[in-house]
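I am opening my notebook on this protein and will write down what I look up, step by step. I want to begin with how two helices lie against each other.

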Amino acid sequence: MTTGQHRAAQPASGPQGDPQDEERLPSLAEQMADQLGGWRGLVESSIPVVVFVLANILGELRPAVIASVAVALVIAGLRLAQRRPIRHAVNGLFGIAVGAAIAWRTGDERDFYLPGILYGIGYGLALLVSAAVRQPLVGWIWSVLVAKGRSEWRDDPRLVRTFTGLTVLWGVVWLAKVGVQAGLYLAHQDTALGVARLALGYPPYVLLLLITVWTVRRVTREPQPEALPGA
């Protein structure tokens with residue numbers, strides 16, 4: 001901070017001496033990108049949940065919780081050894097704790113999946129609403145995870161339309177897969193619910209990511225139409 005304050009106090013001494021450029025504060029999206037840690041952070045925060053689902057299918061609630069917590073601690077230890085933040089491992093532990101606490105309280109193992117089902121419904125509806133108000137959530141997520149916090153796509157009508165369509169696709173797929181899980185939950189199909197949680201977790205997510213990346217890159221590589229003379 002001391003260095004930055006002295007630099008800000010110094011007058012500009014040339015075309016590259018604009019103190020406002022040097023002292024530009026990071027945007028909210030840029031700060032979020034740093035906090036999420038990119039794709040690695042998202043994956044690491046999800047691993048303990050996957051371990052819980054697998055262990056719960058093969059065994060009982062208590063061993064599943066122990067296994068998932070152990071994996072989260074291993075991830076945290078590796079990040080500490082690499083001198084990296086451990087917040088992503090803590091995020092995984094928090095996700096497990098909420099579902100496990102509900103399941104223990106009710107005595108019904110299927111209730112572990114209830115928070116995820118409710119979250120999925122809320123997330124799917126949020127996607128569709130964001131598309132309806134022309135603030136596509138997929139576009140903002142792209143800004144955070146891929147564009148390092150930049151949001152220039154808002155100035156390109158082609159990208160706004162592209163991200164709006166992609167957001168609708170994500171919302172429909174998300175509500176469809178959470179609808180399957182909700183049906184199994186209401187039918188008391190515990191094992192099938194755990195299998196569905198895995199089968200409808202990463203595979204559709206990865207497919208949506210591939211479609212999103214391919215579509216956005218294709219649109220950004222297309223040359224924009226030139227304005228007609230005198231237009």
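Before I judge any pair of helices, I note the cut-off I need: an angle over 145 degrees between the axes counts as roughly antiparallel. I also remind myself that the model in front of me is predicted.

**Entry 1: the chain as a whole**

I looked up the secondary structure of the protein chain, and I found 11 helices and zero strands. Of the 231 residues in the protein chain, 32% count as buried. I then took the contacts between residues at least 6 apart in sequence, and I noted that 67% of them join residues at least 24 apart.

**Entry 2: helix α9 and its ends**

I checked the length of helix α9, which covers residues 157–186: at 1.5 Å a residue, its 30 residues should span 44 Å, and the C-alpha atoms at its ends are 43 Å apart, which agrees. At the N-terminal end of α9 I found D156 acting as a cap, with a side-chain oxygen 3.0 Å from the backbone nitrogen of R158. Past the other end, just after α9, I noted that H188 takes a positive phi of about 60 degrees.

**Entry 3: α9 against α11**

How do α9 and α11 pack, in angle and in distance between their axes? I read an angle of about 170 degrees, with the axes 10 Å apart. Because this angle lies over the cut-off of 145 degrees, I can call α9 and α11 roughly antiparallel to each other. On the α9 side the contact includes R158, L159, T162, F163 and L166, while on the α11 side I list, among others, P204, Y205, L208 and T215. Sorted by class, the residues in this contact are 14 nonpolar, four polar and one charged.

I then followed T215, which has its place in helix α11, residues 202–221. At 12% relative accessibility, T215 counts as buried. Once I leave aside its neighbours within four places in sequence, T215 is in contact with T162 and L166, and both of these residues appear on the α9 side of the contact between the two helices.

**Entry 4: α8 against α9**

Next I turned to helix α8, residues 137–145, which packs against α9 at an angle of about 105 degrees, with the axes 7 Å apart. That angle makes α8 roughly perpendicular to α9. Here L137, V138, G139 and W142 of α8 meet F163, L166, T167 and W170 of α9. By class, I recorded six nonpolar, two polar and no charged residues in this contact.

**Entry 5: two buried residues of α9**

Is W174, a residue of helix α9, buried or exposed? W174 is buried, with a relative accessible area of 11%. Not counting residues up to four places away in sequence, W174 touches G120, Y123, G124 and Y205. I also looked up the pair W174 and G201, which stand 27 residues apart along the chain, and their C-alpha atoms are separated by 9.8 Å.

The second residue I chose in helix α9 is Q181, which counts as buried at 7% relative accessibility. Leaving aside its neighbours within four places in sequence, I found Q181 in contact with I117, L193, A196, R197 and L200.

Key. Residues numbered from 1 in each chain as written. Predicted model: local features only at pLDDT ≥ 70, side-chain atom pairs only at ≥ 80, totals over all residues. Heavy atoms only, no water. Helix = DSSP H or I, 4+ residues; strand = E, 2+ residues; numbered from the N terminus. Expected span 1.5 Å × (residues − 1). Polar contact = N/O pair within 3.5 Å; in protein donor to acceptor, adjacent residues only side chain to side chain. Axes fitted to C-alpha atoms, helices over the stretch in contact; angles between N-to-C directions. Parallel < 35°, antiparallel > 145°, perpendicular 65-115°, else oblique. Contact = heavy atoms within 4.5 Å. Nonpolar A, V, L, I, M, F, W, Y, C, P; charged D, E, K, R; others polar. Buried < 20%, exposed > 50% of the residue type's maximum accessible area, 1.4 Å probe, protein only.
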